Amino acid sequence: MKKVKIEDLEEEIKEVENTEDGVVINEEEAAMANFMDDINTKSASQKDKSIDSAIEELTNDLQRTRADFENYRKQVEAQKTQAMSTAKYATVIKFLPLVDDFERALETYHDQLAPLQKSFEKTLSSLNLIKINSQPGTEFNPDFHEAISVEGEGETEVIAETLRPGYLYDGNVIRAAMVKVKHK
């Protein structure tokens, strides 16, 4: 005679309980079957309440999912905008030495480069890159100018000479103008 363990019998009973017409069903299907059995055994008003609560729960889940997606979409858009701004800023920073070289070449070869000057200034303007006013006689402003030397005595500080032009990018100082200052 064959010995049978109690655990083996319990497993076989569970398998039989989880089958329907010889087909094994999973836990989700069993839960749905139990839900349907509960609905079938309840009265009409209880069925309506169960269905209403299920609809409300699913509606809330849908609203949360939509809100999460909308937040995600906004976050991705903000990151995209920030990445583009950072890339543009980095490009403008690397572009400044070229701007300085063009300005020096324009001083030396003004007649030959004059036709390019308007196009160059238009390009700078389209990049929101504005040259800081640092002409001789302009009042010194430490927010926009970097003083390399100060000469003379007096109350008012004015720019005597510009050593390197400064620029504003989107209204912020990207590079201060390097100047010599004299007192008046």
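**Reading pockets, strands and rings**

Modeller: Asp100, Glu103, Arg104, Glu107, Lys131, Ser134, Gln135, Pro136, Thr162, Leu163, Arg164 and Pro165 form the lining of the largest pocket. This is a predicted model, in which local features need pLDDT of at least 70 and side-chain atom pairs count only at pLDDT 80 or more, while totals for chains, interfaces and linings use all residues. Residues are numbered from 1 along each chain as its sequence is written, and side-chain values use heavy atoms, with hydrogens and water left out.

Biologist: How is a pocket recognised, and how much space lies in the largest pocket?

Modeller: On a 1 Å grid over the protein atoms alone, a pocket is an open set of points where a 1.4 Å probe fits, with protein on both sides within 12 Å along at least five of seven lines; lining residues have an atom within 4 Å of a point. The volume is the space filled by probe spheres set on the points, which are joined across faces, edges and corners. Here the largest pocket holds about 280 Å³.

Biologist: Which element gives the most to that lining of the largest pocket?

Modeller: Helices (H or I, at least four residues) and strands (E, at least two) are DSSP runs, numbered from the N terminus. Helix α3 contributes the most to this lining, with four residues; α3 (44–108) and β5 (157–164) each supply at least two. By class, six lining residues are charged, three are polar and three are nonpolar.

Biologist: What is the volume of the second largest pocket?

Modeller: Its volume is about 170 Å³. Among its lining residues are Phe102, Phe120, Leu124 and Tyr167. Helix α4 gives the most to this lining, with five residues, and the classes are seven nonpolar, two polar and three charged.

Biologist: How should one read the pairing of strands in the sheet β4-β8-β5?

Modeller: Strands of a sheet pair through backbone hydrogen bonds, either parallel or antiparallel. Two strands count as paired if DSSP finds at least two bridges between them. In this model three strands form an open sheet in the order β4-β8-β5, with mixed pairing. β4 and β5 stand at the edges with a single partner strand each, so one side of each has no neighbour in the sheet. Strand β4 (residues 145–151) runs parallel to β8 (residues 177–183) over six bridges, and serine 149 faces lysine 180 of β8. Strands β5 and β8 are antiparallel, again over six bridges. In β8, threonine 162 has valine 179 as its bridge partner, and valine 158 stands opposite lysine 182.

Biologist: How many aromatic pairs does the structure hold?

Modeller: Rings of Phe, Tyr and Trp (its six-membered ring) pair if their centres lie within 6.5 Å; planes under 30 degrees apart count as stacked, over 60 as edge-to-face and the rest as tilted. The structure holds three such pairs. The ring centres of tyrosine 89 and tyrosine 169 are 5.8 Å apart and the planes lie at 55°, so the pair is tilted. Tyrosine 89 belongs to helix α3 and tyrosine 169 to strand β6 (residues 167–169), 80 residues apart.

Biologist: Is tyrosine 169 buried or exposed?

Modeller: Buried means under 20% relative accessible area, exposed over 50%, and partly exposed in between (1.4 Å probe, protein chains only). Tyrosine 169 is buried, at 5% relative accessibility, whereas tyrosine 89 is partly exposed, at 38%. In a further pair, phenylalanine 95 and phenylalanine 120 have ring centres 6.3 Å apart and planes at 35°, so this pair is tilted. Ring pairs join Phe95, Phe102 and Phe120 into a cluster, and phenylalanine 120 is buried, with a relative accessible area of 14%.

Terms used
Ala, Val, Leu, Ile, Met, Phe, Trp, Tyr, Cys and Pro count as nonpolar, Asp, Glu, Lys and Arg as charged, and the others, Gly among them, as polar.
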